[in-house]
Amino acid sequence: MPATEVRAFVGVGANLGDAESTVRDALRSLGRIDGCRLGRCSPLYRSAPWQAQGPDFINAVAELQTMLPAVQLLNELQAIETAGGRVRSVPSAPRTLDLDLLLYGDLVQHGATLTLPHPRLHQRAFVLRPLADIDPGLILPGLGPIGPWLEQAAAQRIERIERIGRA
């Protein structure tokens, strides 16, 4: 376990069923993980599927303060996905719930189980815009300030649909 709390960010998305309710429920579930405190949550956004077919996604990002090691936090996220009906079939398939560990403090790692920052987060408006809502001055570990990445993703379709604050 980390000696002190680590600031982590989790991407939340869904595009099957009642996606808005699923995202809200998932945000509340994040606050119930032992060893974690839910911080700020972004507004909800609607976005087109990333390099895939299917209905639009509802997305948000949550800030957590956690005492859990990164891999243990990932395991907790996957347990919430499974409880939410997530079935891992093919990459980029439509899904009932998707929870991604985007950032874990300043950790940069490339592993078979976990890569941080989350791969391609710097290319995806549906991640960058909600992250910037929470922390506009955020520095992405190994990538630099969020602002220029958000500008590069500006042409991607994303629509803010609701301000939710804390889940």
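## Leu138 and its surroundings

Leu138 sits in a loop, the one linking α3 (125-134) to β8 (139-140). The model is predicted. Despite the loop position, Leu138 is buried: its relative accessible area is 6%, and the cut-off for buried is under 20%.

Which residues does Leu138 touch, not counting those up to four places away in sequence? They are Arg7, Phe9, Leu103, Leu131, Gly144, Pro145 and Ile146.

## Two nonpolar cores

The largest nonpolar core contains 31 residues. Val12, Leu30, Leu73 and Leu101 have the most contacts inside this core. Strands and helices both contribute. At least two core residues come from each of β1 (6-14), α1 (19-30), β2 (36-41), β4 (57-66), α2 (70-83) and β5 (98-104).

A second core is separate and has 17 residues. Among them are Ala125, Phe126, Leu138 and Ile146. Leu138 also touches Ile146. In soluble globular proteins, nonpolar side chains tend to be buried together.

## Leu101 up close

Leu101 is one of the residues with the most contacts inside the largest core. Setting aside neighbours within four places in sequence, its contacts are Ala8, Phe9, Val10, Ala70, Leu73, Leu77, Leu114, Leu116 and His118. Phe9 is thus listed for Leu101, and Phe9 is also touched by Leu138.

## Cysteines

How many disulfides does the structure hold? The count is 0. Are Cys36 and Cys41 buried or exposed? Cys36 is buried, with a relative accessible area of 10%. Cys41 is buried as well, at 2%.

Note on methods: Residues numbered from 1 in each chain as written. Predicted model: local features only at pLDDT ≥ 70, side-chain atom pairs only at ≥ 80, totals over all residues. Heavy atoms only, no water. Helix = DSSP H or I, 4+ residues; strand = E, 2+ residues; numbered from the N terminus. Buried < 20%, exposed > 50% of the residue type's maximum accessible area, 1.4 Å probe, protein only. Contact = heavy atoms within 4.5 Å. Core = buried A, V, L, I, M, F, W, Y, C linked by side-chain atoms within 4.5 Å. Disulfide = S-S within 2.5 Å.
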